[in-house]
Amino acid sequence: MKRRLAVLSAALLAAAASVLFHVAPAYAATGLHVSGTDIVEANGQKFVMRGINHMHTWYTNQTNSFADIKAKGANTVRVVLSGGRWTANSAADVTNVINLCKANRLICVLENHDTTGYGEDAAAYSLDQAADYWIGLKSVLAGQEDYVVINIGNEPIGNTNAGQWTAATVAAIQKMRSNGFEHLLMIDAPNWGQDWQYVMRDNAQTVLDADTRDNTVLSIHMYAVFNTAASITAYLDHFESRGWPLVIGEFGWRFDSSQVDHETILAESVNRDLGYLGWSWAGNTDPILDMATNFNPDQLTTWGERIFNGANGIKATAREATVFGGPSSPSPSVPSSPSPSPSSPSPSPSPSTPTGACTATYTVTGQWPGGFQGDVKITAGGAAITGWTVTWTYANGQTVSSHWGSTLTSSGSTVTARNAGWNGRLSAGASTSFGFLGSWTGTNSVPAVTCTAS
């Protein structure tokens with residue numbers, strides 16, 4: 001880490017030498033900070049983010065989400081805030097968010113969403129305006145450096161003149177530091193966070209050098225631009241080889257073949273000790289990205305089950321920050337089996353449920369003219385199962401157009417879904433789910449489903 005020494009006169013240097021005077025560094029890390037490519041706590045313990053995003057600014061009444069996210073195993077939550085593009089989150093509200101994070105032993109990444117798509121979206125705020133928002137909150141942020149990371153602006157430049165990102169980011173970092181902020185700063189990439197023009201990749205060192213506190217971590221958002229393992233590993237390799245700190249601040253999942261390869265993201269993140277924050281808990285306009293249906297922690301979607309309970313997922317790899325009393329030992333090893341840890345048990349099956357059996361529940365989670373999204377929850381009976389097959393027959397001519405979390409085939413009006421490689425094994429009473437998109441005309445009744453276990 002750089003040490004910036006004050007300029008001393010020759011006389012003072014001579015006097016210092018004669019009495020072995022020691023000049024302290026001008027900056028000593030406060031709270032969460034960068035050390036090489038790692039994020040570490042104030043005590044030097046490495047901290048690897050394992051968490052998700054929560055859209056607080058649009059759902060300020062969903063305060064139970066913090067406890068629900070923690071209960072699923074996360075050690076970090078990235079919280080969406082607004083300084084005025086939407087209803088502004090006040091100092092009192094931000095204080096409450098920080099207190100909710102601390103009460104639930106979660107590291108709190110606070111992000112200003114106003115900047116999303118600046119230069120392309122006329123409604124977006126500049127990074128300079130975002131810095132002003134944080135400066136206005138300084139009184140409630142100062143002293144929270146152990147618990148809070150400031151993500152200056154979400155996806156701060158769109159696809160129009162993405163090159164402006166470098167100068168705007170340098171200026172925002174310097175504005176934050178000149179106003180006395182000591183926090184770990186997180187910087188999102190341009191191109192709506194996905195950096196497909198490689199502006200962040202090619203100018204990262206300039207941005208990192210602009211921070212007088214050497215306390216900035218870069219953040220990439222991975223969606224459809226990163227739909228192959230090769231594209232993901234090449235990007236991560238570039239940062240790792242240069243010793244630049246990086247987290248995956250947002251990513252989705254492969255609900256169709258054009259989408260991000262979430263399996264590679266999860267595996268590479270664990271192999272590299274790289275932090276990741278999945279998008280998002282609930283409330284998306286397109287619910288296919290929700291992890292919890294209607295903010296209900298007992299109704300995880302396929303995406304929710306995967307990121308929380310699957311291999312390389314949050315439950316298997318997260319370690320609570322030591323500032324909350326978490327362990328200081330190395331992160332737990334990742335299970336070698338590709339199968340996820342079992343999800344939280346659903347209510348006990350009735351005594352008549354046969355050993356080795358399973359049940360399935362079909363739910364329409366979203367519907368629009370001509371289309372709908374469905375989810376099927378599978379629950380093991382009185383004994384563990386190693387696989388499952390679910391079938392149903394549509395009565396109104398519905399068809400399935402795409403699916404995730406299962407191997408699904410259709411024959412006429414009959415649909416058969418078999419477990420994927422990672423969600424077939426369930427302990428007694430445990431559940432998993434898969435989802436799909438379909439089309440309908442006239443009527444979209446819910447069919448009866450059967451589940452056969454193996």
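Two strands count as paired if DSSP finds at least two bridges between them, and strands here are DSSP runs of E with at least two residues, while helices are runs of H or I with at least four, all numbered from the N terminus. Welcome to a tour of a predicted model, in which local features need pLDDT of at least 70, side-chain atom pairs count only at pLDDT 80 or more, and totals for chains, interfaces and linings use all residues. Residues are numbered from 1 along each chain as its sequence is written, and side-chain values use heavy atoms, with hydrogens and water left out.

**View 1. The whole chain holds 11 helices and 18 strands.**
Of the 454 residues, 54% are buried, meaning under 20% relative accessible area with a 1.4 Å probe and protein chains only; over 50% is exposed, and in between is partly exposed. Take the contacts with a separation of 6 or more: residues 24 or more positions apart account for 75% of these, where contact means heavy atoms within 4.5 Å. The chain exposes about 18,000 Å², with carbon and sulfur atoms supplying 52% of that area. Accessible areas come from the Shrake-Rupley method with a 1.4 Å probe, and for residues only the protein chains shown count as cover.

**View 2. Eight strands close into a parallel barrel.**
Follow the order β3-β4-β5-β6-β7-β8-β9-β10 around the barrel. Direction ignored, neighbouring strands of this sheet are turned by 25 degrees against each other on average. Axes are lines fitted to C-alpha atoms, for helices over the stretch in contact, and angles run from 0 to 180 degrees between N-to-C directions. A good place to zoom in is the parallel pair of β7 (residues 184-188) and β8 (residues 216-222), which share four bridges. Here aspartate 188 has serine 219 of β8 as its bridge partner.

**View 3. Strand β4 is mostly covered.**
Six of the six residues of β4 are buried. Thr76, Arg78 and Val80 point one way from the strand, and Val77, Val79 and Leu81 point the other way. On the β3 side, four bridges join β3 to β4 in the parallel sense, and isoleucine 52 stands opposite valine 77. Helix α2 (residues 64-71) has Ser65, Phe66, Asp68, Ile69 and Lys70 as its buried residues. These pack against β3, β4 (76-81), α3 and α10 (302-309). After α2 comes glycine 73, with a positive phi near 115 degrees.

**View 4. Helices α7 and α9 lie across barrel strands.**
Helix α7 (residues 199-209) lies across β7, β8 and β9 (246-251), running at about 160 degrees to β8. Helix α9 (residues 262-272) lies across β3 (50-54), β8, β9 and β10 (275-278), at about 155 degrees to β9.

**View 5. Helix α8 meets helix α9.**
The axes of α8 (residues 229-242) and α9 come within 10 Å and cross at roughly 25 degrees. This makes α8 roughly parallel to α9; angles under 35 degrees count as roughly parallel, over 145 as roughly antiparallel, 65 to 115 as roughly perpendicular and the rest as oblique. From α8, the contact is made by Ala229, Ile232, Thr233, Leu236, Asp237 and Glu240, and from α9 by Thr264, Ile265, Glu268 and Arg272.

**View 6. Helix α4 packs with helix α6.**
For α4 (residues 127-136) and α6 (residues 165-178), the angle is about 15 degrees and the axes are 9 Å apart. That makes α4 roughly parallel to α6. Look for Leu127, Asp128, Ala131, Asp132, Trp134 and Ile135 of α4 against Ala168, Thr169, Ala172, Lys175 and Met176 of α6.

**View 7. Four strands form an open antiparallel sheet.**
The strand order is β11-β12-β17-β14. At the edges stand β11 (358-368) and β14 (399-404), each with a single partner strand, so one side of each is left without a neighbour in the sheet. Neighbouring strands of this sheet are turned by 25 degrees against each other on average, direction ignored. Strand β12 (residues 371-380) and strand β17 (residues 431-439) run antiparallel and are joined by nine bridges, with isoleucine 378 standing opposite threonine 432 in β17. Helix α10 packs on the sheet and touches β12, β14 and β17, its direction making about 145 degrees with that of β17.
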